[in-house]
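Student: I'd like to go through the empty space inside this protein, and then look at how some of its helices pack. Can you walk me through it?
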Amino acid sequence: MQSAFIPPQAFHRISSRQVTIFSDRVPLRNFASGKVLNFYCLPGTAKRGRRAKPPTSASAMLPVSESFLQLQTYSPPDWAAQIPLAPSHRFRLGMLPTPIHEWRLPGLPEDVRVLIKRDDLSGMQMSGNKVRKLEFLMAEAVQGGYDCVVTIGGIQSNHARATAVAARYLSLPCHLILRTSRQEVASDPGLVGNLLVERLAGAQLHLVTKEEYGAVGSGALLEQLRLELEAEGRKPYIVPVGGSNSLGCWGYIEAINEIWQQTGDHQEQQRVTTGKEGGTGGVTDIVMACGSGGTAAGLALGSALSPLRARVHAYAVCDTPEYFYDYIDGLFGGLGAAPGGELLGGRSGARDLLRVVQARGSGYAISTESELRTVQEVAAATGVVLDPVYSGKAVHALLGEIRANPDEWRGRTVLFVHTGGLLGMYDKLDQLGPLVRTYGPPVSRMQVVRQSTSCS
């Protein structure tokens with residue numbers, strides 16, 4: 001039976017190690033010999049006469065074009081091999097690895113460097129952080145012989161949309177439990193944003209009110225629908241809110257390996273020359289929005305165990321920091337990484353591995369004008385569009401912290417993980433419209449000059 005955390009019998013070790021050559025990256029060339037070297041790194045991090053450490057994970061065994069929609073055996077990175085409970089397979093769904101590039105945010109102090117990891121580019125219909133979690137969850141669904149997928153979320157849930165697409169990729173029917181207002185629960189929800197993709201992909205929607213969701217809980221609602229589907233002779237695979245169970249955490253444990261491969265050569269050089277972690281060349285801090293806890297848990301555990309060892313900051317867009325600390329400790333426990341245990345080096349758990357910051361503002365999915373103004377300013381200055389529910393709130397809070405306490409961030413290199421969610425912006429058009437019209441360039445009527453023609 002499928003469980004909320006990963007049962008020990010669901011795991012076994014894969015001893016093979018496979019190395020990746022990414023066909024969608026520009027290779028570095030040894031200009032002395034003209035030979036192309038099969039490794040890739042950020043601009044400015046190449047060292048003459050040195051090769052980057054090859055990947056040790058089976059996470060990216062083939063170019064995307066060859067591995068996409070394939071069930072593959074999975075072997076953790078060397079540094080994660082000590083995690084007691086590890087998945088054996090992964091179903092390739094994402095356009096990975098996603099790029100990292102410089103990100104000059106408006107109003108950022110000169111002595112604070114920010115990079116951005118573009119997990120919003122992990123795939124068109126599935127873009128965002130949910131893809132990485134679903135690669136491991138859908139592998140379990142395939143291996144377990146499940147014949148449909150069930151998950152739950154808000155009416156504009158990015159996770160629900162990604163799950164609907166992933167299920168359809170696997171030719172599995174998908175059922176989505178979506179919470180909405182009492183006024184709208186009995187009517188057609190429409191086709192705005194994520195709903196359009198979900199319904200085009202053929203997902204069956206089951207609507208509940210926010211009050212019912214709060215009173216009963218997501219777990220009980222998922223269990224109710226599971227029993228109903230089983231009574232019809234189906235075998236449903238249950239995906240929790242946000243894909244955030246212990247198995248889903250592996251998506252971002254593995255993402256740390258990807259980040260290390262993209263930045264680690266420079267980071268290791270900094271450590272060798274200065275004896276310090278991070279520094280001006282390496283990533284010192286990882287920042288992301290936190291909505292269900294799985295992404296934060298994977299990044300925090302992966303960063304702590306890997307050579308990266310960056311500080312992790314999770315900007316919570318719902319609930320409280322105490323809730324997320326406790327929930328993430330539960331996820332760690334499901335991986336066999338109990339707080340205070342040997343794997344965590346005696347550390348007390350989530351409270352020692354990451355920092356959770358309250359960033360929900362007026363409430364989950366409720367945007368203030370200042371938050372939306374940040375979204376508009378960042379897009380106008382950098383071309384990167386942030387969704388208002390997750391990344392927009394996180395960046396707004398991050399910039400507020402940096403401006404309020406610049407000394408705490410001076411000299412640091414911050415990697416912001418963009419978790420996607422662009423489709424959810426369409427639900428905020430009424431709020432975004434006035435900002436764009438007020439602060440954006442005006443729209444003008446172009447006067448077309450017609451050239452006169454003469455007949456000879």
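Tutor: A term to begin with: on a 1 Å grid over the protein atoms alone, a cavity is a set of points where a 1.4 Å probe fits but cannot get out. Please keep in mind that this is a predicted model.

Student: Ok, so how many cavities of 30 Å³ or more turn up in the whole structure?
Tutor: The search finds three of them, and the largest cavity holds about 140 Å³ of space.

Student: Which residues lie nearest the centre of that largest cavity?
Tutor: Those are Asn129, Lys130, Gly291, Tyr390 and Thr419, which belong to a lining of 18 residues. Two or more lining residues come from each of helix 2 (130-143), strand 11 (285-290) and helix 8 (294-305), and helix 8 gives the most, with three residues.

Student: And what's the lining like by class?
Tutor: For the largest cavity, the lining has twelve polar residues, four nonpolar ones and two charged ones.

Student: Switching to packing: at what angle do helix 2 and helix 3 cross?
Tutor: Their axes come within 10 Å and cross at roughly 45 degrees, helix 3 being residues 158-169. Because of that angle, helix 2 is oblique to helix 3, and the crossing is right-handed.

Student: Which residues meet there?
Tutor: From helix 2, Lys130, Leu134 and Met138 meet Asn158, His159, Ala162, Thr163 and Ala166 of helix 3. By class, the residues of this contact divide into four nonpolar, three polar and one charged. Lys130 thus links our two topics, since it is among the residues nearest the centre of the largest cavity and also takes part in the contact with helix 3.

Note on methods:
Residues numbered from 1 in each chain as written. Predicted model: local features only at pLDDT ≥ 70, side-chain atom pairs only at ≥ 80, totals over all residues. Heavy atoms only, no water. 1 Å grid on protein atoms, 1.4 Å probe; cavity = no way out; pocket = protein on both sides within 12 Å on 5 of 7 lines; lining within 4 Å. Points joined across faces, edges and corners; volume = space filled by probe spheres on them. Helix = DSSP H or I, 4+ residues; strand = E, 2+ residues; numbered from the N terminus. Nonpolar A, V, L, I, M, F, W, Y, C, P; charged D, E, K, R; others polar. Axes fitted to C-alpha atoms, helices over the stretch in contact; angles between N-to-C directions. Parallel < 35°, antiparallel > 145°, perpendicular 65-115°, else oblique. Left-handed = near helix turned anticlockwise from the far one by under 90°. Contact = heavy atoms within 4.5 Å.
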